[in-house]
Amino acid sequence: MYSQGSTRMTAEYKAFLQRCLGSLDADKGTVKNKPTSLAKRRVKLNGARMKSKVGAHIYISKKLKFPSYYGKNLDALNDILSTVDKPLTIIIKNTKTMYVNLREYGQAIMGVFNEAQHSNANLEIVIKD
């Protein structure tokens, strides 16, 4: 037998549904809008902001919201980009300025982005100069 009120959503379950489905009408238990988790996330990177190796990794990790354990090197960048599990478009502008600032390392960063794009169907890299 169900106790009185057992069909009501608990606060924890409502929070779970909101994370998964978007806004929820608490009174009716219905979804108000489309799930945001299914939309492709878009992040814009500005190559002109990448002025040093360490600075580039700090900037990239903040913009892409990498976990705190991110190693701030090319291998770590490749590891995270190759495991992106939700659709993500990264738009990179001012790559020429990045190449001037970082020289070969700027090319190496772009190589990691391009390689990750080819190995991960969830990742799209767009260059806008």
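This report walks through a three-stranded sheet, a pair of helices and a handful of single residues.

The model is predicted, so local features are described only where pLDDT is at least 70, side-chain atom pairs count only at pLDDT 80 or more, and totals for chains, interfaces and linings use all residues. Residues are numbered from 1 along each chain as its sequence is written, and side-chain values use heavy atoms, with hydrogens and water left out.

## The sheet

Let us start with the strands. Helices (H or I, at least four residues) and strands (E, at least two) are DSSP runs, numbered from the N terminus. Two strands pair if DSSP finds at least two bridges between them.

Three strands form an open sheet in the order E3-E4-E5, and the pairing is parallel. Strand E3 (41–46) and strand E5 (123–128) are the edge strands, each pairing on one side only. On average, neighbouring strands of this sheet are turned by 20 degrees against each other, direction ignored. Such angles run from 0 to 180 degrees between N-to-C directions, and the axes are lines fitted to C-alpha atoms, for helices over the stretch in contact.

How many bridges join E3 to E4? There are six bridges, and the two strands run parallel. Strand E4 (residues 88–93) also pairs with E5 in the parallel sense, over six bridges.

Ile-91 of E4 is a good residue to find in the structure. Lys-44 has Ile-91 as its bridge partner in E4, and Ile-91 stands opposite Val-126 in E5. Ile-92, in turn, stands opposite Ile-127 in E5. Strand E4 is mostly covered, with five of its six residues buried. Here buried means under 20% relative accessible area, exposed means over 50%, and partly exposed lies in between (1.4 Å probe, protein chains only).

## Two helices side by side

Next, look at helix H3 (residues 74–82) and helix H5 (residues 104–119). Their axes come within 9 Å and cross at roughly 25 degrees. That angle makes H3 roughly parallel to H5, because angles under 35 degrees count as roughly parallel, over 145 as roughly antiparallel, 65 to 115 as roughly perpendicular and the rest as oblique. On the H3 side, the residues making the contact include Leu-74, Leu-77 and Leu-81, while those of H5 include Tyr-105, Ile-109 and Phe-113. Contact means heavy atoms within 4.5 Å.

His-57 also reaches this region. The residue sits in helix H2, and His-57 counts as buried because its relative accessibility is 1%. Not counting residues up to four places away in sequence, His-57 touches Tyr-70, Lys-72, Asn-73, Leu-74, Leu-77 and Tyr-105.

## Thr-95 and Asn-122

Thr-95 lies in helix H4 (residues 95–102). Is Thr-95 buried or exposed? At 4% relative accessibility, Thr-95 counts as buried. Its side chain and that of Asp-129 are joined by a polar contact of 2.4 Å. A polar contact is a pair of N or O atoms within 3.5 Å; within protein, one must be able to donate a hydrogen and the other to accept it, and residues adjacent in sequence count only if both atoms are side-chain atoms. Leaving out residues up to four places away in sequence, Thr-95 touches Met-110, Ile-127 and Asp-129.

Asn-122 is found in the loop between H5 and E5. The C-alpha atoms of Asn-122 and Leu-88 are separated by 6.0 Å, although these residues are 34 residues apart along the chain. A polar atom of the Asn-122 side chain lies 3.3 Å from the backbone oxygen of Val-84. Again not counting residues up to four places away in sequence, Asn-122 touches Val-84, Asp-85, Lys-86, Pro-87 and Leu-88.

## Three loop residues

Which loop holds Lys-65? Lys-65 lies in the loop between helix H2 (53–63) and H3, and has a positive phi of about 55 degrees although it is not a glycine. Arg-103 has a positive phi of about 50 degrees, and is not a glycine either. The table lists where these two and Asn-122 sit, along with their accessibility.

| Residue | Loop | Relative accessible area |
|---|---|---|
| Lys-65 | between H2 and H3 | 67%, exposed |
| Arg-103 | between H4 and H5 | 54%, exposed |
| Asn-122 | between H5 and E5 | 27%, partly exposed |
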